[in-house]
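Please open the model in your viewer and keep the sequence panel visible beside it. The stops below are meant to be selected in turn.

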Amino acid sequence: MTPTTKTIVLSDGREITLQTGKLAEQADGAVELRLNNTMLLATVCSAQEADEGVDFMPLTVEYKEKFSAYGRFPGGFTRREGRASDYEVLTARLVDRVLRPLFPSNYHANTIVHIIMFSSDGVDAPDALAGLAASAAIAVSDVPFEEPIAEVRVARIDGEFVIDPTFEQIEKADMELMVGATYDNIMMVEGEMDEVSEDDLIAALKAAHEAIKPMCLIQKEMMAELGVTKREYCHETDDEELHERVRKEIYPKCYAVAQAGKADKQWRNETFQKAFDDFMETIPEEEREEKEPMIKRYYEEVQRDAVRRCILDEHIRLDGRKTNEIRPIVCEPDYLPYPHGSALFKRGETQALATVTLGTKDDEKLIDDVLRHENERFLLHYNFPSFSTGEARAPRGVSRREIGHGNLAHRALKRMIPEDNPYCIRIVSDILSSNGSSSMATVCAGCMALLDAGIKLKKPVAGIAMGLITDEGNVKHAVLSDILGDEDHLGDMDFKVTGTVDGITATQMDIKCDGLPYEILEQALHQAKEGRLHILNLINEAIPEAREDYKPHVPRIVTMTVDKEFIGAIIGKGGEVIQGLQEETGTTISIEEIDGKGIVEIAAANKDSIQAAVARIEAIIAVPEEGQIYTGKVVSILEFGAFVEFMPGRDGLLHISEISWERLENMEASGLHEGDEVTVKLIEIDKKTGKFRLSMRALQEKPEGYDERRQNGGNRGPRPGGNGNGGNRGPRPGGNRPMGGGNNRGPRPNGPRRPRRDDRRDDE
C-alpha cells in the first residue's frame, strides 16, 4: 500500500505529520506521527469476536517510551525497558479516558492500543501527541469508532495560550492542561495551575478545543482518502419483549429507591439488588443462566434511567440531598501519635487517613524516565484497599487507578509547598471507606496532615467532585455537588476541582455526554467553588495554621547557599572534610550545585548538632581578611617556620621571625608542635599567589626599648665592646672593619669568609 501522509500546522508554525501504510502493516490500524524530532507509532488491534459473557468494552491502552529514542541506556541490571513508569501509566490513562466512551456501546471485542515513542530530542512533549496518534490509528482501521478525537496540551505563558508547548515553555506556564475532545465535544480535561479563576479555566478549554478541531478533520480526510469501511459485528443479542418486561416491572421499584433519598448506601444496594433478584425469580429456571447477562444489561439501563429521572424531575438525589449540598464533614488533624504529621478526613461515607513523613535529600525519589532524569522532593502515594468498598478481593499491587488518583492530589497540593521548604515530603493517603471522590478526600486530608507536620503551606487546599445529569438535548440538567459513587457511575460528568480561597490549583474532568454547553461547565465550576470554600472553612476551624514547630522526633534540617567555588572545600579531598564534619557533629550533610550555587542541606536530630555543623561550614566559606585574628592548628613544622590551618582548608605560613619578638635560633626553641592550637593574625595576602602570611608576635606586646635595640643589632642586640655598624651581628672586637669589598664587610683576615647565614631564608 502506498503510504498516505497528512500535515497539521500548529499556530506557531510547527508541523505535525501523520503517515499510514508504511509501518506495522499487519495491525488493524497503524499511524506514524512526527513533530520535529519526535516520532510516535500508534497501532490498534481488535479481536473479531467478543469473549463469552463480556458486556463491557475491554479496551487496553499502553504507552511506552524507548530509551534509545533519546540515546540513553535503561537503568537497572538488565539494561532493558521494564514495567511502565508512572509517567507512562498516566499518559496511557489520558488516552484511554478519551477513547473509551467513543466505541459503540454494544462493541465488546478485546481491543489493544499501543503507542510507542521511537524518537525524541527532549524538546517537544510526546504525551500531548499520544491521543492524536492513537485516534488516527483507529480511524484508518476497520475497528468501529464513533468519531475521531485529538488531545492537546494548552499552557498559559505570559498571559497567552500556547498549544502543545515545549518542555522549556511548560516550566514558565502558570496554567497547564491536557484536553481531549472530538470536533464537537470536550471529553477529558486534566491539569494544574497557579490559583487561576474559573473564567480563565473556561478560556483555556476553548483555546484547546479550537486547536483540536482541525486535527479531527484531518483524520476524517485520511479515512475518506483510504476508503475506510468499519467492520460489522454482533456482540449482543436482544429480546425486545424481555426488555420491555424489565422496564415495566423493575423501573417503578428502582425509582422508589431513588425517591426514598436514604443516605444508607448498603440499604440502597440491597434494595436495588432485591428488585433484580425478584425479577429473576419470574424467569423459568431452565432459562435463567442463558438470559441473566441480557437481563442484567437491561436492568442496569433501567436503574440508570430511574435515578436520573428522579433527579431531573423531582430534584431528589439518591441520599436525599439538594443538588448543591455537601455531606457532613469531619476533620481530625494530628490523628496518629507518632507520624510527623497526620489527619483523618471524613465526608459522608468516604474516609481518607493521610500521613506525612519529612525526610532529607537522601529520601528524594530518583525519576529515571526517558526524557526526565531528576530527583523529586514532594511525593504523594494513594492507596485504595478493597475493604474500603466492602469487597473481598486480594491486593494485587499498585493499580493504574491508584497512580492516577494520587497524581491528581499531588498536582493539587504541590504548588502550595513553600519554596524554602528544606524537607523531602512524602504524603500517604489510605482510603478506609469510599462512596464518592476519594481523590478529593486525599487532597483535604493531605492538606491537614501537612499543616500538622509543621509545613507552612502558602494556602490551604481543598477539593470537591462535581457531577452532572442531563437529558437528551440538555433540555433539563442538574449539577451535583459532592457526588456519590453511584451518581458518578450513572451520571454524565465527573468533574473534580481543587483549589485555595483564591483560585484553582488542579482539575480533572471526564464528560460522557454529547454537546455539553460551556454555560453548564461554568455553572459546575462556580458551584464547585462554593463547595470548596465551605470545605476550606471546616479545615481552617480544625487547624487554623501550621504547627509552630515540628514534632520532637522530626529531623531538623537547615539549608545553606554557598558560592560554587566553596563546594570543593566543603567536600574535601576524597570527601574527607564533609565526612569528618558529619562524624564530629552527628549530622547528615549533602551538597549539590544548582544554578551556579552550592546548596548545602544539614539534617540532624537536634538543633545543637545543626548549629555546630553550620558554624563549621561558615568557617570554611568565610573569606580571609588581612588584619583579622584567627585560632588555628599547626599542621606542619619546617626549618624556617610552621604552617598553620587558620581556617578550614586554608593554611598560612607562620615564619620563625613572626613567632616571637625574641630572636629564635631554630624551630625547636619556638616550643611549637604539630597539632598545637595557636592564635595568629593574618598580616599579608599575596595578591599574585594567594598565599597567606601569619604572625603570632603581632599579637604580643612589643618589648620596651625594642626599637633602640633593633637599631643597634636587631633581635640579638649589640655585642660587647661598643656600638658597631654591622647590622644585627654588631661589630667585632678590635674596632671596625675597613669599608669596601663584598657586602662592605671587607676580606676576612685568615682566609675566605664563612658563608653568610641568611636569617630570613629563601622562602621569604
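Which residues does His-243 touch, not counting residues up to four places away in sequence? Select His-243 in helix H5 (residues 240–260), and then add Tyr-298 and Glu-301, which are the residues that His-243 touches under that exclusion, where contact means heavy atoms within 4.5 Å. His-243 counts as buried because its relative accessibility is 16%; buried means under 20% relative accessible area, exposed over 50%, and partly exposed in between (1.4 Å probe, protein chains only). Helices (H or I, at least four residues) and strands (E, at least two) are DSSP runs, numbered from the N terminus.

Before going on, note that this is a predicted model, in which local features need pLDDT of at least 70 and side-chain atom pairs count only at pLDDT 80 or more, whereas totals for chains, interfaces and linings use all residues. Residues are numbered from 1 along each chain as its sequence is written, and side-chain values use heavy atoms, with hydrogens and water left out.

Next, select Asp-277, Glu-289, Glu-290 and Glu-292, which form a negative surface patch; such patches are made of residues with over 30% relative accessible area and no salt bridge, like charges being joined within 9 Å. Helix H7 (residues 285–314) contributes the largest share of the patch, three residues, while Asp-277 has its place in helix H6 (residues 265–281) and is partly exposed, at a relative accessible area of 35%.

Now turn to the salt bridges, each a side-chain nitrogen of Lys or Arg within 4 Å of a carboxyl oxygen of Asp or Glu; by this rule the count comes to 64. In helix H7, select Asp-313 and Arg-309, which are four residues apart and therefore separated by about one helical turn, and whose side chains meet in a salt bridge (2.6 Å, N to O). Asp-313 is partly exposed at 37% relative accessibility, and Arg-309 is partly exposed at 26%.

For a pair that links distant parts of the chain, select Asp-334 and Lys-551, whose side chains meet in a salt bridge (2.9 Å, N to O). Asp-334 is in the loop between strand E11 (329–333) and strand E12 (341–347), and Lys-551, 217 residues apart from Asp-334, is in the loop between helix H11 (518–542) and strand E22 (556–563). Asp-334 is partly exposed, with a relative accessible area of 39%, whereas Lys-551 is buried at 5%.

Finally, select Asp-127, Arg-153, Glu-176, Glu-192, Asp-194, Arg-411, Lys-414 and Arg-415, which are joined into one network by salt bridges that share partners.

Notes:
Patches are made of residues with over 30% relative accessible area and no salt bridge: like charges are joined within 9 Å, nonpolar side chains (Val, Leu, Ile, Met, Phe, Trp, Tyr) within 5 Å. Accessible areas come from the Shrake-Rupley method with a 1.4 Å probe; for residues, only the protein chains shown count as cover. Lys and Arg count as positive and Asp and Glu as negative; His and the chain ends are not counted. The place of a charge is taken as NZ of Lys, CZ of Arg, CG of Asp or CD of Glu.
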